[in-house]
Amino acid sequence: MSDGAVRVGAVDCGTNSIRLLVADVDPRTGELRDVLRRMEVVRLGLGVDRTGVIAAESMERTLRMTRAYAAQCRELGASRVRFVATSASRDARNAADFIDGVRAAFHEQWGADVLPEVVTGHEEASLSFRGATGGLASHGVPGPYLVVDLGGGSTEFVRGTSQVDAATSVDVGCVRMTERHLLSDPPSAAEIEAATADIDHAIDAAAGVVPFSGVGALVGLAGTVTTVTAHALGLPTYDPVRIHLSRLPVARVLTACTDLLHLSHAERAALPFMHEGRVDVIGAGALLWGRIVERVAEASGITEVVTSEHDILDGIALSAASPDAVPGPDS
């Protein structure tokens, strides 16, 4: 890392989890080196699809973790911080209360205000693409890339090679599909059929904006995809080094998705790589990822699937290091 590096903090607050990356970034080259990377499941979006509001308990859990993240940004010397909030914060009627809480947490713990940005689906997709594709060409992964960021409340599809050519966001995700359809343990055939109909409708909409044909590589991001990959690899523990940029045959990924969908809650919880916060939503996530993989393979002829541990969080960090980013309290 060069002397021109900037130490930044990046927070990605989604429907299911909140994540922090503190990294040293060279704004000229885009080189990024991790200082700290962490994730907690806070379920900010729990029940938002049904009620339209962020529950008080979910709000409190998320803001408590935000205060901890802000303190770590201060301790580790992050000179700039960018906080991006996604689907739940777009959808909830009380999103303004959450935004005020985040601003206050950073003012108290970091020493300056951080205004959480409730980004559009298109910007979310662009940030994911930037974070995910940085090292693909150097590792021999051919473009054009179709990057799919499978979240709790929404899924982003973005296509491009060196830059974004097309992007869209659809309102299907592992939490939303679990709450809407997969209520039994394990899910019933009727529940799976109803969820599949919803998912296929969303994929149709995405394919109408972001073409699947002619794709050189399908790149999957986020916890559902990395968990499916861990299952497909048969990992004895969650290992991001093994998972990152793994290239697995389509059939192997689909088998892993089917396995996870049909396991009971207890069987999923017993898997050695499974994060406890994903146990009850991984079935829906696996169903969604499997349908996307099938559809893209049919349209493009790809024979393997790439998994990236680098995603929107890395894109947020890169954007925070740009010359026009707002500096922090000691800059």
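## Close-ups of sheets, helices and salt bridges

**View 1. Strand E7 sits between two hairpin partners.** Phe-157 stands opposite Thr-168 in E8, a good place to start in this predicted model. Strand E8 covers residues 164-170, and E7 pairs with E8 in the antiparallel sense over six bridges. Getting from E7 to E8 takes a hairpin of three residues. Strand E6 (residues 145-150) also runs antiparallel to E7, and here too six bridges do the joining. One pair to look for is Leu-146 with its bridge partner Arg-159 in E7. E6 and E7 make a hairpin as well, with four residues between them.

**View 2. How many residues of E7 are buried?** Strand E7 (residues 155-160) is mostly covered, with six of its six residues buried. Thr-155, Phe-157 and Arg-159 point one way from the strand, while Glu-156, Val-158 and Gly-160 point the other way. Both sets are buried.

**View 3. An open sheet of five strands, with helices packed on it.** Read across the sheet and the order is E3-E2-E1-E4-E5, with mixed pairing. Strand E3 (32-41) and strand E5 (117-118) are the edge strands, each pairing on one side only. Strand E4 (residues 80-85) and E5 are a parallel pair, held over two bridges. Within that stretch, Ala-85 stands opposite Val-118 in E5. Now for the helices: H13 (residues 312-320) packs on the sheet and touches E1, strand E2 (17-25), E3 and E4. The direction of H13 makes about 140° with that of E1. Helix H4 (residues 95-109) lies across strand E1 (6-13), E4 and E5, and runs at about 160° to E4.

**View 4. A salt bridge within helix H2.** Arg-64 and Glu-60 form a salt bridge, with their closest N and O atoms 2.4 Å apart. The two residues are four apart in helix H2 (residues 56-75), so about one helical turn separates them. Arg-64 is partly exposed, at a relative accessible area of 41%. Glu-60 is partly exposed too, at 38%.

**View 5. A salt bridge from helix H12 to helix H7.** Here Arg-291 forms a salt bridge with Asp-200, and the closest N and O atoms are 2.9 Å apart. Which parts of the chain does the pair link? Arg-291 belongs to helix H12 (residues 282-300) and Asp-200 to helix H7 (residues 189-209), distant parts that are 91 residues apart. Arg-291 has a relative accessible area of 18%, so this arginine counts as buried.

**View 6. A salt bridge between strands E11 and E10.** The side chains of Glu-304 and Arg-247 meet in a salt bridge, at 2.8 Å from N to O. Glu-304 lies in strand E11 (residues 304-307) and Arg-247 in strand E10 (residues 246-249), so the pair ties together parts that are 57 residues apart in sequence. Buried or exposed, or in between? Glu-304 counts as partly exposed, with 28% relative accessibility. Arg-247 is also partly exposed, with a relative accessible area of 36%.

**View 7. A network of shared partners.** Asp-49, Arg-176, Arg-180 and Asp-198 are joined into one network by salt bridges that share partners. For the wider picture, the salt bridge count comes to 19.

Note on methods: Residues numbered from 1 in each chain as written. Predicted model: local features only at pLDDT ≥ 70, side-chain atom pairs only at ≥ 80, totals over all residues. Heavy atoms only, no water. Pairing = 2+ DSSP bridges. Contact = heavy atoms within 4.5 Å. Axes fitted to C-alpha atoms, helices over the stretch in contact; angles between N-to-C directions. Salt bridge = Lys/Arg side-chain N within 4 Å of Asp/Glu carboxyl O. Buried < 20%, exposed > 50% of the residue type's maximum accessible area, 1.4 Å probe, protein only.
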